[in-house]
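Hello,

Here is the structure I promised to pass on to you. Please have a look at it first, and then read my notes below.

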Amino acid sequence: MGTRTARYAGMAVCCVALVLSGCASNSTDSGQSSTTPPTDTGVAAQVSPSPSTDGAPSVLPTSPPTTSTAPTPCGNGQVVVDATIMSPGMGHRGVRLNFSAARDSQACTLTGYPGVDTGAGGPLLHAERTPRGYLGGLPSGTDTPPTVVLDAAHGAQAVVEGVAFDDSGTQCATYTDLRVTAPNTTDTVTVAARIDTCHLQVHPVTAPQ
């Protein structure tokens with residue numbers, strides 16, 4: 001029995017020795033693996049740019065605000081005026097006032113009645129503003145003056161008219177010029193225009209017929 005016990009003790013010692021030897025080997029391999037430097041392959045690593053994470057929204061370019069290009073009402077210095085004698089009829093006399101844009105003036109608009117007074121030739125007469133008359137004016141049934149654009153290619157006109165005889169049949173005075181003020185301006189110009197009348201009317205500005 002003592003021999004069997006001694007044999008078992010010797011076997012146990014051998015097993016413990018083997019276990020300790022294996023642990024030491026594993027510890028050595030692990031230490032060598034952790035200190036082995038990485039292999040240099042000579043290829044540079046490529047880093048992709050990371051997307052922005054600041055949360056700011058993308059700002060798209062916008063078109064500049066549009067500005068209105070509609071012509072504005074004509075002012076002083078923008079309108080040139082001359083006159084054309086109209087053919088008489090049934091004792092009626094007429095003058096066509098022609099409005100055009102001044103040189104280098106921007107396009108502008110005329111609306112309404114010009115101011116008209118008689119000049120040389122007789123007593124002062126102020127033209128009465130009426131929508132239409134014997135020789136011209138607005139179409140029947142339309143009393144609202146239109147807005148007319150003046151520019152380098154377009155003009156406007158207004159008719160001035162009167163009757164050559166008074167109620168008793170007496171010849172009226174003959175005027176040789178008229179003083180004209182374009183609508184909504186204070187520029188008064190004298191234009192040469194022959195008209196014999198005792199009473200004067202002026203109609204709204206319209207586009208040339």
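A good place to begin is methionine 90, which sits in the loop that links β2 (79-85) to β3 (92-101). Please keep in mind that this is a predicted model. Methionine 90 is not a glycine, yet its phi is positive, at about 55°. As a rule, most residues other than glycine have a negative phi. Is methionine 90 buried or exposed? Its relative accessible area is 72%, so methionine 90 is exposed, the cut-off for that being over 50%.

A second residue invites the same kind of look. Asparagine 184 is found in the loop between β9 (174-181) and β10 (188-196). Its phi is positive too, near 60°, in a residue other than glycine. Asparagine 184 has a relative accessibility of 64% and therefore counts as exposed.

Now step from the first loop into strand β3, where you will find histidine 92. Histidine 92 has a relative accessibility of 18%; because buried means under 20%, this residue counts as buried. Which residues does histidine 92 touch, leaving aside those up to four places away in sequence? They are Tyr134, Leu135, Glu161, Gly162 and Val163.

Next, the pockets. The largest pocket has a volume of about 170 Å³. There are 14 residues in its lining, and Gly136, Gly137, Gln157, Thr206 and Gln209 are the ones nearest the centre. Which element gives the largest share of that lining? It is strand β8 (residues 156-163), with 3 residues. Sorted by class, the lining of the largest pocket holds 8 nonpolar, 5 polar and 1 charged residues.

Finally, here is the chain as a whole. It has 1 helix and 11 strands. Starting at the N terminus, the helix comes before the strands, in the order α-β-β-β-β-β-β-β-β-β-β-β. Of the contacts in the chain with a separation of 6 or more, 70% are between residues 24 or more positions apart. The chain has 209 residues, and 27% of them count as buried. The area that the chain exposes is about 14,000 Å², with 56% of it supplied by carbon and sulfur atoms.

If you would like a short route through the model, start at methionine 90 in its loop, go on to histidine 92 in strand β3, and end at the pocket residues, including Gln157 and Thr206.

Best wishes, and enjoy exploring!

Terms used:
Residues are numbered from 1 along each chain as its sequence is written. This is a predicted model: local features need pLDDT of at least 70, side-chain atom pairs count only at pLDDT 80 or more; totals for chains, interfaces and linings use all residues. Side-chain values use heavy atoms; hydrogens and water are left out. On a 1 Å grid over the protein atoms alone, a cavity is a set of points where a 1.4 Å probe fits but cannot get out, and a pocket is an open set with protein on both sides within 12 Å along at least five of seven lines; lining residues have an atom within 4 Å of a point. Grid points are joined across faces, edges and corners, and a volume is the space filled by probe spheres set on the points. Helices (H or I, at least four residues) and strands (E, at least two) are DSSP runs, numbered from the N terminus. Ala, Val, Leu, Ile, Met, Phe, Trp, Tyr, Cys and Pro count as nonpolar, Asp, Glu, Lys and Arg as charged, and the others, Gly among them, as polar. Buried means under 20% relative accessible area, exposed over 50%, partly exposed in between (1.4 Å probe, protein chains only). Contact means heavy atoms within 4.5 Å. Accessible areas come from the Shrake-Rupley method with a 1.4 Å probe; for residues, only the protein chains shown count as cover.
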